Amino acid sequence: MTSPIRNVCVIGGGVMGSGIAAHLANAGVRVLLLDIVPPNLTDAEKGDKKARDRFAQGGLDKALKARPAAFFHPSFANLVRIGNVEDDLDKASNCDLVIEAIIEKLEPKQALFTRLEKIVPAHTIVASNTSGLRIASMMEGRSADFKKRFCVMHFFNPVRYMKLLELVAGPDTAPETIARIKQFGEDVLGKGIVIGKDTPNFVGNRIGAHSMMVAIHQMLADGLAPEDVDNITGIPMGHPKSASFRTADLVGLDTFGHVAENCYNSLTSDEDRDVFKLPDFIRSMIEKKLLGDKTKGGFYKKGDAGIMTLDPKTLEYRAKGGDESIAKATKSISKIEDPKERVRKLAADQGKAGQYAWKVVSRSLAYAARRMGEIADDVSAVDDAMKWGYNWELGPFETWDALGFAETVDRMQKDGIKLPDSILKMKASGATGFYSNDGKVFDLKKGAYVAREIDPRNKTVLDLRKGSAPVLKNDGAEAWDLGDGVLGLTFKTKANSIDPDIIDILGKTVDEAEKNWKAVVIANQGEHFCVGANLLLVVMASQAKEWEQVRSMVKNLQTAALRMKYSTVPIVAAPYGMALGGGLEVCLASTAIQAAAETYSGLVEVGVGLIPGGAGTVNLLWRALENIPEGAQINTLELVTQVFKNIALAKVATSADEAKMLGYFRKSDGVSFDRSRLVTEAKAKALGIANSGYHPPAPRSFVLPGESGIATLSMMVDTLVAGGYASEHDAKIARKLAEVLSGGRGGNQRPVTEEEVLELEREAFVSLCGEPKSQERMQYMLMNNKPLRN
């Protein structure tokens, strides 16, 4: 039972089954994806294996076409084999884990487990992805040994992107079964594990469905509209922007309805059972197939005049509107960065928004408190479930702390909201919140604070910092001692955008590290690693025609990039979220990269009318060329062309592994499946390089395509313009890029140095800053935070 899980059989090729199979493949696990033989095959098809495997193949095909993508890269699908449960179930005998994801009905599951018991060996774990069926019912008739190796693995959809994996043990499940799956889920799949209890809808969906249903019933009671509710229950409440009804459209109203009805039908003794009862208008929507995005219309749909909203009273669509006072209040609150301050401000609002929010939040928090001991034993498990499974910024008990524990209890009691005795005893003990400043959490069962289990691998930059002050600091960034001889540089600008302060401290960090440190890690905080350069100074200098100032800015960033590249100590960048433009240039200049799996990277400067100006062209090009053996007579045009396409088309890699395929990251760069471990893994990588006798690379020169390459790439651009796929200004940018990447017109006559390409990059950048349309694009980006196409 301690052997590694290398081969997994997933049974059920639907949305969940195929998504689970895809993410297993993302993790390098070999997968056997099985489904039923399609009914009503013709006599000829009954003997055709491809026809018999059609459902499983269809599931795999849909996973390959899924948007957002289910696979990190299409090539990972090569790890998935397909089959059917009539011809291929015996192959499960070669698997370490079998995950059942078939129809959510008891009888088919029981029949499948009966067959599996005769097939799988003693080391194989069998798990169900059920979201509501009881383990005791599914295990009827199974042997004691089979029951020991059975548990629930409840993934959330889309599997690749949702961190939550709920593990539920049955009364006979062996502790080592849960321990083995927990380790596999955390270490291999990068999931956040919540141990739930065998109750309907477990933890996440129990609390999430209740919160959603309270919001719906309160909307009807208060006479509000769906857009009013979404304005309140989204960002202001610390929930995703999709809020309540947009989330239902994304998930599918049929799926949401199934979760709510399962609660209503199963929770006969729940004091809030009626909350889970679907209103008549939602039943009518399901009957009319108004299910959300999957049917092109749910609570919202796209109309000729824009987004339209369904009126719950008439079930007719109307122009999107809503209460102006709610829209105004929530818009103001949404601008507050700290989610704790946001929910405080919302709950304190005296208008319609605040009144509605308090009614919903107070009932949801009280319900979560009453469920402790029933669905989970630890309040942090409930908070984690909602953050990882529903993308809430704060879990229910974190929200309670943000509102003020004692004040919230008092307000609830004043409103007549029932609270469990454990909460009243907690208040009477003098506890100030569920979480203490010294890392402890309040155990409602024990009535005292207990140490919170925290994986040391999940330490943040703030957790790792040593000392009371940074080693280096300016307005744009800080460099701190991260321990073990590692200096950690963290950007502090808005969206971690690159400005002169960051450029300045990059060089100073290298100077400091070479004197006193083993290695450097660039580890930022916030939603994204770095969204690029701050264009404000470039725009101002361009409008004033201060070309030497622009040239100096670019030169400084190029110099910093080269200083990083040839540092005598290793520098590891730890990107996550967006690493665009200058953000990717910082990564390209680093010795190595340890990236979060969900990293979106690319050199996207063409969107603002420019080309990369921080050594991005030369470093990306050199990466494409660096593995050419000395003396090999290779036409570099093919490699140059691919780099040209990636930059000219602003190609963004949508995963760290796709970035490797595009040449943005090296094959040897690390990928962190769990972003929580990114910093500690980046630090470990930096130390590993430093302790392995690191020496910086020697500068290289390459023969580039030169004039013929410029001509070839220009022909490609002309074709795009002629076809209406690119504007004349796009073409102007692309031709300048072609000249840089080809090493100038004489690039094919001798090896071209980095310095020469950097000069070409610099001059092309400056010249484009003088183009009115480029200036227009830059200004538009500054004002609207999105590119303008012209």
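This is a short talk about one predicted protein model and how its parts pack together.

Morning, everyone. First, the ground rules. The model is predicted, so local features need pLDDT of at least 70, side-chain atom pairs count only at pLDDT 80 or more, and totals for chains, interfaces and linings use all residues. Residues are numbered from 1 along each chain as its sequence is written, and side-chain values use heavy atoms, with hydrogens and water left out.

Let's start with the whole chain. The protein chain holds 33 helices and 22 strands. Those labels are DSSP runs, numbered from the N terminus: helices are H or I with at least four residues, strands are E with at least two. The C-alpha atoms fill a box of roughly 80 × 70 × 60 Å along the principal axes. The radius of gyration is 29 Å, which agrees with the value near 28 Å for a compact globule of 790 residues. That radius is taken over C-alpha atoms, and the globule rule is 2.2 Å times the number of residues to the power 0.38.

How much of the chain is buried? Buried residues are 55% of the 790. Buried means under 20% relative accessible area, exposed means over 50%, and partly exposed is in between, with a 1.4 Å probe and protein chains only. Now contacts, meaning heavy atoms within 4.5 Å. Take those with a separation of 6 or more: 69% of them link residues 24 or more positions apart.

Next, a sheet. This open sheet has seven strands, in the order E14-E15-E16-E17-E18-E20-E22, and the pairing is mixed. Two strands pair if DSSP finds at least two bridges between them. Which strands sit at the edges? They are E14 (472–473) and E22 (670–672), each pairing on one side only. Inside the sheet, E15 (residues 477–481) and E16 (residues 486–491) run antiparallel, joined by five bridges. One bridge pairs Ala477 with Phe491 in E16. Helix H22 (residues 500–516) packs on this sheet and touches E14, E15, E16, E17 (519–522) and E18 (571–573). The direction of H22 makes about 175° with that of E16. Such angles run from 0 to 180 degrees between N-to-C directions, and axes are lines fitted to C-alpha atoms, for helices over the stretch in contact.

On to a helix pair. Two packed helices are described by the angle and the distance between their axes. Here the pair is H24 (residues 547–565) and H32 (residues 754–769). Their axes come within 10 Å and cross at roughly 145°. Which residues meet? From H24, they include Trp547, Val550, Arg551 and Leu562. From H32, they include Leu758, Arg762, Phe765 and Cys769. By class, this contact has eight nonpolar, one polar and seven charged residues. Nonpolar covers Ala, Val, Leu, Ile, Met, Phe, Trp, Tyr, Cys and Pro; charged covers Asp, Glu, Lys and Arg; the others, Gly among them, are polar.

Now some buried spots. Helix H25 (residues 582–589) has eight of its eight residues buried, so it is largely enclosed by the rest of the structure. Among them are Leu584, Glu585 and Cys587.

Ala541 sits in helix H23 (residues 536–543). Ala541 counts as buried, at 2% relative accessibility. Beyond its neighbours within four places in sequence, Ala541 contacts Glu546, Gln549, Val550 and Met553. Its C-alpha is 9.9 Å from that of Gly770, although the two are 229 residues apart along the chain.

His154 is in strand E6 (residues 150–155). Is His154 buried or exposed? His154 counts as buried, at 4% relative accessibility. Leaving aside neighbours within four places, its contacts include Asn129, Ser131, Leu165 and Phe202.

Last, the backbone details. A cis peptide bond joins Asn157 and Pro158, with omega about 0°. Pro158 is in the loop between E6 and E7 (164–169). Another cis peptide bond joins Arg67 and Pro68, with omega about 5°. Pro68 lies in the loop between H4 (54–65) and E3 (80–84).

Then two asparagines. Asn391 has a positive phi of about 60°, although it is not a glycine. Asn391 lies in the loop between H17 (379–390) and H18 (396–403), and at 42% relative accessibility it counts as partly exposed. Asn496 has a positive phi of about 55° and is not a glycine either. Asn496 is in the loop between E16 and H22, and is buried, with a relative accessible area of 5%.

That's the tour. Thanks.
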